[in-house]
Amino acid sequence: MSPAGPAWPRLRVLQALWALLVVLLAPWRLWAIKNTQECTWQVVLNNFETVGKKDASDRFVDQEPLYTVDKVFSLLVDAPIDPDEVRGLVSGKRERSWTCTPLGSGHLPTLSLQTYLGFPYYLKINYSCKGESSEALVRKGHLTGLKPVVLVTFQSPVNFHRWKIEQLQIQMEAAPFRSKAERCNAEEVCLMSWYTPMPIKNGSVVMRVDVSSNGLGPFIPNKRFRVNINGFLERQRDNTLQFTVGNELFNLIPRYFVNVPSRPLWYTVDQAPVFILGGIPEEKAILLTDTNFKDFFLVELSIDSCWVGSFYCPPTSFTATIYDAIATESTLFIRQNQLIYYFTGTYTTLHESNRGSERWVRVLANECIKKLCPVHFHSNGSEYVMALTTGKHEGYVHFGTITDGRVSFELLPRQRSVCNGILVVNCSITWAVFIAGDYNLLLLVEIEDPSTRKYFQVVSYDLVSDYLVVLYTIPEFIPDARGLEFLMVLGTESYTNFPMVPKGMSYNPYNNLLFIWGNFLLQSYNSENFIYLADFPKELSIKYLVNSFYGDTAIVTETEELVYLIDNQQGRLVKRLVPVEQLLMYQQISTDYLLERQGSHLTLSFTNFCPFTVMRLRDLPNPQIYTRQERYRAQPPRVLEPGGFHSDNSLAVYQGLVYYLLWLHSKYDKPYADPVHDPTWRWWKNKKQDQVRGEGGESVGGPSPDPPSPSPCPGTVFAPHPVPQDYYFYLASNWRSAGSVHVDMASYEKIYDLKAENELPERIFLDKGTSYRFSVFLTAGEPEPLCTVQSKVGLAVVLADPECIEAVVKEKVLVNRNSVLFWVTLSDKRFCFDQGISGHHLMKTSMLLKVVGSSGHCFQNTHQGPRMQGNLMVPVLIGCPPGKRLAFDITYTLEYNRLQNKHYFDCVHVDPEMPCFLFRDIFYPFFLIQDLVTGDSGSFQGSYVLKVVGGGPTLDTIKEYSEEDIYRFNSPLDKTGSLIWTTRNTTTTEDSAFNILSHNSLGIEWLCMENSPCHDTIPHSIFASEFFFKVLVSNRGVDKSTYCDYQLTFQLHIHGLPLSARRAFLILMVSASLIVGLVILYVISCLLSPYVVKVCNVLCWKINNIVAWESYIYSVASDTRAFSNTSGTKSGESSGGISRVVSMVAGENKTDTKETLRKKPIS
């Protein structure tokens, strides 16, 4: 219950103070936006040793977690942190190890802690404003409540066969930390910074860090940083870093860059952590960066720099220049002369082992390579690169595949060369483009015909069918557009005298747009029908073309330079961002103006060609269901320090908590569904239910693991408590928390309800039949009549694949606001994609929103400069979205089976993580469709096929079944007596091979027929036999409601299996024989027992007599010897007397024995 009294007035006072603060700050915030200081965030990487040191910066090299964090957690003996929950997740059991301490010792009873790990690095965050001291600004920001908020986005891995495809983010609030480097006379702080952990996720080497403000303090624009793992650096014994690909050059000599032409940057989009750039004349050196050229290194490569010529390679001059350089997720490729090399970096987070190269590896050593062609997008779990040959293999392409750092090349086409395939004698491949979605190669082929001039063709090669076909023959001369901006090339148009000289191709898989470029520019959406863009001057020649794949394309001619040298005395490389918007604005002003005479002077007026003044996006849905971004939130632990500054220990606790939060996320993807659909539920579930109490009810410690279980510590009992977190808050409020750190359980959670911002997402995912709906609000420049507004403001929607997606636009004119509201609905047409695994093999397409007449004319002023408006492109991915899964609903399955079978019998040895089911009971399985992004969890209502794909009598002996065995064990068509289970449902697949089940099915009956693996299972104890089935559930081909192929593999524990009839009869016969034998033995023993007793009595009597006789003789003999010593003369007489006496005694005894036997009756 909430305490009564002054708490409510205090709450009202706080609310009033906050309202007053908002009123006071609102004008200042408005002024700050209008008069923005030029402030920017600064982020560097620090490791554990350099935290708090000024000007310290590190490289992202170390990838292993740190175990030193656990030492700090061992101090938190009375906190809600219970690391032993990790053991319960891993082992599947709830057993715990206890450390019991007497209560009188002054210590609290604690649970043995599981190891909390930490990440190798922190993010150090500062900010600076133009013309002001950074140290003073940071202090001011801290005192005004500023706290940076860091959002780390992990890029999904290439190899989805090894790693799960997911869009994962973690949002962290930075913790203030005083600098250790300098001492000052200030009372609180002189130098300070903010720190957050820099997390690492398995399978991800590219991280995007977005830094923003918490809304207090100065206005600082959001800023994005690239923090990537550099697997081409290694740490030496003296803790210095050294490149593995070569030696770093610290002198940037001007001749490296003077009069050097620009060159393209080739890499796998969104996947390459390191970029490389060659082209330095006569130097085997490259520029290498892991920060998107925020900084870079000049590295001299450790390659042999030789080229062994041969008779089949065309003669060429030797040079050390690195011409072609391509970066992939873990491998770098370069071409020098006619040889290519590759180097694989050390990325344990990708490969789970060290697969890094020790040196540059030369491949295709016997080939003459004239060019490397990049493949910008990965597919099917691999990356690709293409090498064009000359010489003996002219007309072939070496197609390289990179999977988990392993490189392999295949010569394509497989059967014959391209020249033979298109029926020409001499040809040469100028460029190659790989379209991953179609497994297709587009080749730009130069053909030399002796009877005519050279001409070019676009040739398509299918990698699956090994089929070659000519798609398009490029005209010999440039068409005459006759003043048009573009011209459809049909072959009937007139041509100029300028020959067409193609140099390359560029393909965008999102909008299917293919460019062929040279001294012209052709574009096509189907690779067969081309449009000539007449705006490009035919006197120029394109050297390369750079595609953003979001609608923008940069063209670089032979006369342009993008990277150049400034300051002749000191070499300094500058990456200049081209101000496209400003250039377009200046171009518009310089051409579209009007001179009018007013009186005696001329006035200059400009025409605004933008059809609107305001463009806003409205009614955007919550983004997570479409972006599939999973987001966690973590805040630093509260420190009991007056200034709120953290220490090394509290930052280490922050590291461990973030690590454990991501660890719970990685372990949550398991087949058995938890009762609560949230990865953090297991972390805090016990803390929110019960609490450890000592004798007399006095609270002595943290929460207990399982209240019903007996306490192993004497004097400790378990008592339920509704809100134990209040106890920890009480300790923190009284500055009594262990380690001076308070961990708030509500600060570490998964966020399911992100709200939309006023912009379209970076990409959206569409499942079967789903729709994305939003509105566009446009205001015309001047008040116009209704018909004029409608005609002046128009919205066009361009779809890359209209046969797969459709867009519906509805218009509403707001006359009183001189505006138009457009409702846009983008929907999937339900038949362009087959079923697939979640996040796998998605179809790339796009939607382009375009305000008619806005291209190059509409701009919006922002704090980062002008930004173009009117064109919005959204990549669309069709298929099964990431983050959806099928889970076994064990909670409802147990409840429903108990209800239907009227009982439930678990195994003797209970496993809470895997309950047992009785063999003779009908089994009713139920499953859940769980959305890991939105938190939705509901019963799976579709159809599915269930197969037993493995099994064994114990968990350690489970083996996988072959395809033939799976058919025999599960198919109702089986005639070999091998069925494991059956059902009364009559619905089957189209080939009648397997049964189709649903949530309304009549249940499963276990058979375990004679030839099945579970037949005649021998029990290992006195209890009934057990068997573990490996079950596969899939809705592929039987559920038409979704693109998702929900595949779930889980283990099912069945007990009480019957024995076979033969073995049961054998056991019966053996048991009956034993029982009959024991009965007969008992009867015989009862009949013979009197005689046995008599014989035993006689034997005992005889033995006693013999013993008594020998004792008597010994005693008499002793007396005789004594007497003979006294009288030697009477020895003869005495001897005779003794003999007679003995004879008389023996005779008497014999007579008595006979009389006794006569008197005893015979029984």
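These legends accompany several close-up views of a predicted model.

The model is predicted, so local features need pLDDT of at least 70 and side-chain atom pairs count only at pLDDT 80 or more, while totals for chains, interfaces and linings use all residues. Residues are numbered from 1 along each chain as its sequence is written, and side-chain values use heavy atoms, with hydrogens and water left out.

**View 1. A buried salt bridge between D931 and R628.** Start here with the D931 and R628 side chains, which meet at 2.8 Å, N to O. A salt bridge is a side-chain nitrogen of Lys or Arg within 4 Å of a carboxyl oxygen of Asp or Glu. D931 lies in strand β61 (residues 927-931) and R628 in the loop between α8 (624-627) and β44 (629-634), so the pair ties together parts that are 303 residues apart in sequence. Helices (H or I, at least four residues) and strands (E, at least two) are DSSP runs, numbered from the N terminus. R628 is buried, with a relative accessible area of 2%; here buried means under 20% relative accessible area, exposed over 50%, and partly exposed in between (1.4 Å probe, protein chains only). Check the backbone of R628 too: its phi is near 65 degrees, a positive value in a residue other than glycine. Most residues other than glycine have a negative phi.

**View 2. Salt bridges of E630 and D834.** The side chains of E630 and K750 meet at 2.7 Å, N to O. This pair links distant parts of the chain, with E630 in strand β44 and K750 in strand β49 (residues 748-751), 120 residues apart. Both E630 and K750 are buried. D834 and R1036 form another salt bridge, at 3.3 Å, N to O. D834 sits in the loop between β54 (819-828) and β55 (843-851) and R1036 in the loop between β68 (1025-1034) and β69 (1047-1057), so this pair ties together parts 202 residues apart in sequence. D834 is exposed at 52% relative accessibility, whereas R1036 is partly exposed at 41%. A search of the whole structure finds 31 salt bridges, and R208, D210, R224 and E762 are linked in a network of them.

**View 3. An open sheet of 5 strands.** Trace the order β31-β36-β35-β34-β33, with antiparallel pairing. Two strands pair if DSSP finds at least two bridges between them. β31 (486-488) and β33 (502-508) stand at the edges, each with a single partner strand, so one side of each is left without a neighbour in the sheet. The twist averages 20 degrees from one strand to the next; axes are lines fitted to C-alpha atoms, for helices over the stretch in contact, and angles run from 0 to 180 degrees between N-to-C directions. Within the sheet, β35 (residues 521-524) and β36 (residues 531-533) pair over 2 bridges, and L522 has Y532 in β36 as its bridge partner.

**View 4. Alternating side chains along strand β43.** Which residues point to one face and are buried? They are M615 and L617, while V614, R616 and R618 point to the other face and are not buried. β43 (residues 614-618) runs antiparallel to strand β51 (residues 771-779), joined by 5 bridges. In β51, S775 is the bridge partner of R618.

**View 5. Aromatic rings around F940 and Y944.** The ring centres of F940 and Y944 are 6.2 Å apart and their planes at 40 degrees, so the pair is tilted. Rings of Phe, Tyr and Trp (its six-membered ring) pair if their centres lie within 6.5 Å; planes under 30 degrees apart count as stacked, over 60 as edge-to-face and the rest as tilted. F940 is buried at 6% relative accessible area, and Y944 is buried at 3%. Both belong to one aromatic cluster with Y672, F888, F927, Y1046 and F1050. The structure holds 47 aromatic pairs.

**View 6. Unusual backbone geometry at P413 and R482.** A cis peptide bond joins L412 and P413, with omega about -5 degrees. P413 lies in the loop between β25 (406-412) and α6 (418-421). R482 is not a glycine, yet has a positive phi of about 55 degrees. R482 lies in the loop between β30 (477-479) and β31 and is exposed, with a relative accessible area of 66%.
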